[in-house]
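Reader: I've just opened this one and I'm a bit lost. Could you walk me through it, and tell me how you know each thing?

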Amino acid sequence: MEFKPYLKKLTPYPPGKTVDEIRRELAIEGPVYKFNSNENPLGPSRKVVKVIKELAKTVHLYPEASYIELKKALAEKWGLSPENFVLGNGSNEVIELVFKALVNPGDEVLVSQPSFLMYEKFAQIYGAKVKTVPLDKDLKHHIPGLLKKLSRKTKVIFLDHPNNPTGSVLGPKDWGLLFKNLPENVLVVIDEAYGEFIENPEVPIGIEFLQNGFNVLVLRTFSKAYGLAGLRLGYGMAEKNLVKVLDALRQPFNLNLFAYKAGLAVLNDQAYLKKSQKVVKEGRKYLTYELSALGFKVYPSEANFIMVDFGKFCETIYQSLLKKGLLLRPLKPYGFPNALRITIGLPEQNKILVEAIKDLLG
Ligand SMILES: Cc1ncc(COP(=O)(O)O)c(C=O)c1O
């Protein structure tokens with residue numbers, strides 16, 4: 001048996017540990033606090049739980065294949081039409097559809113380093129060449145650097161916005177520079193997995209570029225602000241011709257029944273979304289203030305997490321907190337050996353974290 005040659009370099013995605021894994025590995029019996037995977041600390045919307053209970057009786061049936069109700073609800077939310085939406089088993093799946101549709105082995109994709117690891121992972125799987133550009137000095141996407149790396153083989157630029165793991169965003173000038181200099185045939189994937197948490201009104205969001213006719217695919221997910229990470233639901237918005245191809249490439253029934261109906265339910269729960277946003281905005285401020293006061297560098301973030309440079313204390317803090325059931329995300333795989341990524345929790349959880357770090361520092 002001979003595997004595709006470009007699969008030789010493939011390494012698995014390093015996911016954040018689950019509560020069960022931590023309990024098993026460290027024999028922790030008390031509470032476990034997940035600050036490691038950017039999930040929603042509120043738990044699911046009550047409307048979602050209700051719908052799921054009702055649906056349990058119908059799991060022997062396939063869902064409706066067109067997912068039209070959800071597409072209509074999204075179209076209404078964004079002022080687009082249902083034909084502008086492709087739905088995925090997590091926004092991850094929509095990223096993969098982009099590779100299936102546009103990227104041949106040997107083609108190039110541009111990504112920032114660091115950014116969400118799945119762009120590179122899919123590039124490896126599809127035999128594409130990844131050209132990486134380090135973030136700029138403010139840890140934002142370096143637009144001039146990305147433009148310099150363009151070639152005739154470039155098919156797609158992936159920009160997570162806010163960036164994962166730094167939480168940084170781009171201003172109008174950065175976007176202006178990008179679109180002024182980009183050939184029309186290069187697709188810009190604007191990955192707004194954390195878009196609902198952007199607080200600064202001057203930060204442009206992807207829909208504006210889509211409405212202005214630029215060649216973009218805007219990604220959103222229900223995993224973060226909508227609290228459905230375990231169900232796997234995300235979507236892309238783009239012009240109709242692109243959506244038609246992406247939609248034709250997905251598996252029939254790629255969304256399971258629960259994800260489809262839960263998505264509809266939580267879109268109708270405006271109070272849940274508002275609460276998610278409030279928890280993140282207030283928690284982000286609190287943690288930034290407290291950890292900065294302890295002398296650590298906290299990077300500005302518009303996402304539901306912050307990146308913190310703990311310097312020489314990083315490994316000790318990570319390991320000691322882990323033993324106490326407080327899980328943070330080490331950023332060594334992202335190129336920041338002294339930094340940890342902290343998902344914003346509920347106010348009481350954030351306080352427990354700060355107190356635990358203070359305790360450690362004596
Ligand atoms: C930037 C970014 N994009 C996409 C995803 C994928 O999210 P999902 O597949 O859960 O929609 C994540 C997950 O953490 C992410 O950080």
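Author: Sure! Keep in mind that this is a predicted model. The domain assignment splits the chain into domain 1 (14-44 + 271-361) and domain 2 (46-268).

Reader: How far apart are the C-alpha centres of domain 1 and domain 2?

Author: They lie 25 Å apart. The contact between them takes 25 residues from domain 1 and 26 residues from domain 2. Contact here means heavy atoms within 4.5 Å.

Reader: Now the ligand. Which residues are closest to the ligand?

Author: Ser91, Asp191, Tyr194, Thr221 and Ser223 are the closest, out of 13 residues that surround the ligand. To count, a residue needs a heavy atom within 4 Å.

Reader: What makes aspartate 191 a polar contact of the ligand?

Author: Check the cut-off: a pair of N or O atoms within 3.5 Å. A polar side-chain atom of aspartate 191 is 2.6 Å from a nitrogen atom of the ligand, so the pair passes. Threonine 221 has a polar side-chain atom 2.6 Å from a ligand oxygen atom, and serine 223 also has one 2.6 Å from an oxygen atom of the ligand.

Reader: How much of the ligand's accessible area does the protein cover?

Author: On its own the ligand has 400 Å² of accessible area, and the protein covers 93% of that.

Reader: Where does the ligand sit?

Author: In the largest pocket. What makes us say "sits" is that more than half of its atoms lie within 2 Å of the pocket's grid points.

Reader: And which classes of residue make up the shell?

Author: Three nonpolar, six polar and four charged residues.

Key: Residues are numbered from 1 along each chain as its sequence is written. This is a predicted model: local features need pLDDT of at least 70, side-chain atom pairs count only at pLDDT 80 or more; totals for chains, interfaces and linings use all residues. Side-chain values use heavy atoms; hydrogens and water are left out. A polar contact is a pair of N or O atoms within 3.5 Å; within protein, one must be able to donate a hydrogen and the other to accept it, and residues adjacent in sequence count only if both atoms are side-chain atoms. Accessible areas come from the Shrake-Rupley method with a 1.4 Å probe; for residues, only the protein chains shown count as cover. On a 1 Å grid over the protein atoms alone, a cavity is a set of points where a 1.4 Å probe fits but cannot get out, and a pocket is an open set with protein on both sides within 12 Å along at least five of seven lines; lining residues have an atom within 4 Å of a point. Ala, Val, Leu, Ile, Met, Phe, Trp, Tyr, Cys and Pro count as nonpolar, Asp, Glu, Lys and Arg as charged, and the others, Gly among them, as polar. Domain bounds come from an automatic or database domain assignment.
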